[in-house]
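Let's take a walk through this protein together, going from the overall fold to individual side chains. Keep the viewer open so that you can check each stop as we reach it.

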Amino acid sequence: GIWVALVTFEVYFTFIRLGIPNGMNRELPYALGTGNKDKAMQYASTTMAYSIFCALIVVVIAPVFMLYANFNFSSINYWIVFAVVLFRMVTEPYSTYLSGTFRTNDNFDKLSKIQYIQSLIRLGLILLVVLFHFKGYVLMQFIIASTNLIQLHIVRPFHIKPKFIWEAFKDLLKVGFPIFIISYLIGAIESLPRLFLIRNATSFEMGLLSPVLLLLSAVAVIPMTITNYLYPKFSFSLGKDNNISLLRKKMMYIYGISFIISIGISLIVYLFIDSLIGLFPKYINSVQYIKLACIAVLFISYKLGTTLPIVLKKWKWLWIYTITYAIIQIGSIYVLNKYMEDKLEVVVFSMIFSSLILFIFSIILTLNISNKVNNE
């Protein structure tokens, strides 16, 4: 519960980045696709410089903000979590920049190896949670963030120095800020169930929610990893030959594969969670909520809904997606809270309903926007 409560504030500190990394993620591969390598390097060096600046700002602002929040820092556990969360917030801008620079086939191979190693690290570090419980979980999060940063830095594709170029910054801001605002709002919307619990429940309920969030975030890695691999390829392909039909086919393929994999994971978790939870007896009361969350797992691919609109720079459709998400999330929590006493049930059922509707909406959005662009 302490971890979930403090991590909730991470999303709000991303605002200072203004979408510059988001702009680079779209414009860098597009520039490479058009053959303009000089412009691509300007985008990379400017983003690097601004990311370092953001990290310095976080060092100054985050401690003041979090220390004045309404948390019980008389407990050593709060200080431990505070230190790890602060470390993640300070290093994350640079890690995000580095991740966005892997844009060629050779670089993707390197990034895939890093992600494979990180997966093994995550799997191995589960032992820390078993042995040391809460402190082990926090240590696991620190090691994951550290090893990811170190690996990305060592094999970074561009050995360049940070250099702020105003013209490149304006280009990145123009493209990245709309993407960032949408991503920021989506992150804020996703945090609403947790904020609802923070306000209406206790740290105990927040703790019971942790396995549910862990399950959903773990499964979400599947569609997001596939998208992170193909997204820059989409932008590169768009810059090279402008083939919208091919992009649509690839997106629908991702939806299909992600859904099939999600079915398998959902069944496995539902059937074996009773036995697995025995390793974590403090979370035995989470079982019923985890089983309910298995339904939401089936539709986790709704997170793909913003991919094609971003590649095609169709901001109107991004706003439609975001507003729809907000209405569904807020509306479902409001309605369910009127008819359910169990606040944790309210949150889980809201997640199920939101993911189902958005999954359907995302597929319709992908087909609709690609057809309209083809007809323009």
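Below we look at the overall fold, then helix packing, then salt bridges, and finally the cysteines.

A word on where the coordinates come from: this is a predicted model. The chain has 13 helices and zero strands, and reading along the sequence therefore gives you α after α from start to end. Of the 376 residues in the chain, 49% are buried. The contacts also reach far along the sequence: among those between residues at least 6 apart, 82% join residues at least 24 apart. The stops that follow give some examples of such long-range links.

Let's begin with helix packing. Helix α2 covers residues 20-33 and helix α4 covers residues 76-100; the two pack at an angle of about 5°, with their axes 9 Å apart. Angles under 35 degrees count as roughly parallel, so α2 and α4 are described as roughly parallel to each other. If you zoom in on where they touch, you will find Pro 21, Met 24, Asn 25 and Leu 28 on the α2 side, meeting Thr 96, Tyr 97 and Gly 100 on the α4 side. Sorted by class, this contact has four nonpolar residues, three polar ones and no charged ones.

Now move on to α6 and α12, where helix α6 spans residues 166-190 and α12 spans 315-339. Their axes come within 10 Å and cross at roughly 10°, which makes α6 roughly parallel to α12. From α6, the contact draws on Val 175, Pro 178, Ile 179, Ile 181, Ile 182, Leu 185, Ile 186, Ile 189 and Glu 190. From α12 come Trp 315, Leu 318, Trp 319, Tyr 321, Thr 322, Tyr 325, Ala 326 and Gln 329. By class, 14 of the residues in this contact are nonpolar, two are polar and one is charged.

Next come the charged side chains. How many salt bridges does the model contain? The count comes to seven, and three of them are worth a visit here.

One joins Arg 17 to Glu 92, with N and O 2.6 Å apart. Arg 17 lies in the loop between α1 (2-7) and α2, while Glu 92 belongs to helix α4, so the pair ties together parts that are 75 residues apart in sequence. That gives α4 a second role in our tour, since Glu 92 sits in the helix that also packs with α2. Is Arg 17 buried or exposed? Arg 17 is buried, because its relative accessible area is 10% and the limit for buried is under 20%. Its partner Glu 92 is partly exposed, at 33%.

Another salt bridge brings Glu 27 together with Lys 313, at 3.4 Å from N to O. Here the link spans 286 residues: Glu 27 is in helix α2, and Lys 313 is in the loop between α11 (307-311) and α12. Glu 27 is buried, with a relative accessible area of 8%, whereas Lys 313 is partly exposed, at 31%.

The third visit is to Lys 39 and Asp 171, whose closest N and O atoms are 3.9 Å apart. Lys 39 is in helix α3 (residues 37-67) and Asp 171 is in helix α6, 132 residues apart. Both partners count as partly exposed: Lys 39 has 24% relative accessibility and Asp 171 has 29%. Salt bridges can also share partners, and in this way Arg 26, Glu 27 and Lys 313 are joined into one network.

Arg 26 leads us to one more residue. Lys 233 and Arg 26 are 207 residues apart in sequence, yet their C-alpha atoms are 9.9 Å apart in space. You will find Lys 233 in helix α8 (residues 203-240), where it counts as partly exposed at 22% relative accessibility.

Our last stop is the cysteines. A disulfide is a covalent bond between the sulfur atoms of two cysteines. A search of the whole structure finds zero disulfides. Among the cysteines, Cys 54 is buried, with a relative accessible area of 1%, and Cys 294 is buried as well, at 3% relative accessibility.

Key: Residues are numbered from 1 along each chain as its sequence is written. This is a predicted model: local features need pLDDT of at least 70, side-chain atom pairs count only at pLDDT 80 or more; totals for chains, interfaces and linings use all residues. Side-chain values use heavy atoms; hydrogens and water are left out. Axes are lines fitted to C-alpha atoms, for helices over the stretch in contact, and angles run from 0 to 180 degrees between N-to-C directions. Helices (H or I, at least four residues) and strands (E, at least two) are DSSP runs, numbered from the N terminus. Angles under 35 degrees count as roughly parallel, over 145 as roughly antiparallel, 65 to 115 as roughly perpendicular and the rest as oblique. Contact means heavy atoms within 4.5 Å. Ala, Val, Leu, Ile, Met, Phe, Trp, Tyr, Cys and Pro count as nonpolar, Asp, Glu, Lys and Arg as charged, and the others, Gly among them, as polar. A salt bridge is a side-chain nitrogen of Lys or Arg within 4 Å of a carboxyl oxygen of Asp or Glu. Buried means under 20% relative accessible area, exposed over 50%, partly exposed in between (1.4 Å probe, protein chains only). A disulfide is a pair of cysteine sulfur atoms within 2.5 Å.
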